[in-house]
Amino acid sequence: LDEAKKIARRPMSMELKAEREEFIQRATLALGQPVIGGDTNALKALAITYKYSQAATSDAKSAAIDEMKTVLASDDSTSVQLFAAQLFLTHGLTKDALQCVHHANNMEQAAMCVQIHLKLDRIDLATKSLNSLRHMDEDAVLTSLSAVHIALAGGRSTASDTHHSLNSLSEQYGPSPLLLNLMACSYCTQGEYVEAETRLLECKKEFELPNADTLINLIVCSQFLNKDTSSYVAELKEGFPTHPYCEALTRVEGAFDRESLKYRVKA
């Protein structure tokens, strides 16, 4: 956002101005703040993404998805395809998400393909998408992060390969919630839960903006360390009530309560 403000008065084409506005609103979304959208379909797609994030009911989320499909049908630009794929993947529409970006027209779309293929447990296809990224720019941050995700998906045998990449990115750009969570996942995969917890607590302390991934990973670490998880679960439910993890946990808790009634001992 600071960089966008610095170049605001520089002469640039309409295309660059539109791209700059997209990055501004994407950064605003990442901070959990509302976006105003705009005249272009890409900005409209970002506004729909924010609307989805604020939806309190499944009907409201479905309405946002339908709205995104309408925008996508009228504009197949790379930005709209990317934003639609991100939203569809969040909603569990994996096939629709992949259809948006499977051509991998730019690096962001190729990186999104990596995420979708990993969600489908197709490490082989994710590796092919990673090779496409390396062909575009082997030294890009997206390429490094995609390689880390694939290594983590490969389990303990490849997780140790991620330390160098993550440390290099952290030294170059500074620690971030994403990098600290990836480091924690790497340590967890290798069974080093104390180290993982240290990174997550550092993330929770250094970054004021609540982060669902950090809380979920803390719950996992605490379980392996035989520590109480109730405070993290309560914080997660309060801050992210519509998160898929919370919704799944609520369903499981409800099923357990219903099942336990069958075995209640009468006084």
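**Note on the predicted model: overall form and three residues**

1. Lysine 61 touches Tyr52, Ala55, His91, Thr242 and Glu247, leaving out residues up to four places away in sequence. These contacts are read from a predicted model, and the points below concern that model as well.

2. Lysine 61 has its place in helix α4, which covers residues 58–74. Is this lysine buried or exposed? Its relative accessible area is 9%; buried means under 20%, so lysine 61 counts as buried. A polar atom of its side chain lies 3.3 Å from the backbone oxygen of threonine 242. Threonine 242 also appears in the list of residues that lysine 61 touches.

3. Lysine 95 offers a second case for the student to examine. Its place is in helix α6, residues 94–101. The relative accessibility of lysine 95 is 63%; because exposed means over 50%, this residue counts as exposed. Lysine 95 and histidine 117 are 22 residues apart along the chain, and their C-alpha atoms are separated by 10 Å.

4. Threonine 28 belongs to helix α2, which runs over residues 14–30. With a relative accessible area of 12%, threonine 28 is buried, because the value falls under 20%. Which backbone atom does its side chain reach? The side chain of threonine 28 reaches the backbone oxygen of isoleucine 24, at 2.8 Å. Apart from neighbours within four places in sequence, threonine 28 is in contact with Leu1, Gln33, Pro34 and Val35.

5. The secondary structure of the whole protein should be noted next. How many helices and strands are there? The protein has 16 helices and 0 strands. Helices α2, α4 and α6 have been named above.

6. The overall dimensions may be considered together. The C-alpha trace spans about 75 × 45 × 35 Å along its principal axes. For 267 residues, a compact globule would have a radius of gyration near 18 Å; the protein has 20 Å, so the two agree.

7. Burial and contacts can also be stated for the protein as a whole. Of its 267 residues, 34% count as buried. Among contacts with a separation of 6 or more, residues 24 or more positions apart account for 45%.

8. The final point concerns surface and charge. The protein exposes about 15900 Å², and carbon and sulfur atoms supply 53% of that area. There are 27 positive and 35 negative charges, and their mean positions are 5 Å apart.

Terms used. Residues are numbered from 1 along each chain as its sequence is written. This is a predicted model: local features need pLDDT of at least 70, side-chain atom pairs count only at pLDDT 80 or more; totals for chains, interfaces and linings use all residues. Side-chain values use heavy atoms; hydrogens and water are left out. Helices (H or I, at least four residues) and strands (E, at least two) are DSSP runs, numbered from the N terminus. Buried means under 20% relative accessible area, exposed over 50%, partly exposed in between (1.4 Å probe, protein chains only). A polar contact is a pair of N or O atoms within 3.5 Å; within protein, one must be able to donate a hydrogen and the other to accept it, and residues adjacent in sequence count only if both atoms are side-chain atoms. Contact means heavy atoms within 4.5 Å. The radius of gyration is taken over C-alpha atoms; the globule rule is 2.2 Å times the number of residues to the power 0.38. Accessible areas come from the Shrake-Rupley method with a 1.4 Å probe; for residues, only the protein chains shown count as cover. Lys and Arg count as positive and Asp and Glu as negative; His and the chain ends are not counted. The place of a charge is taken as NZ of Lys, CZ of Arg, CG of Asp or CD of Glu.
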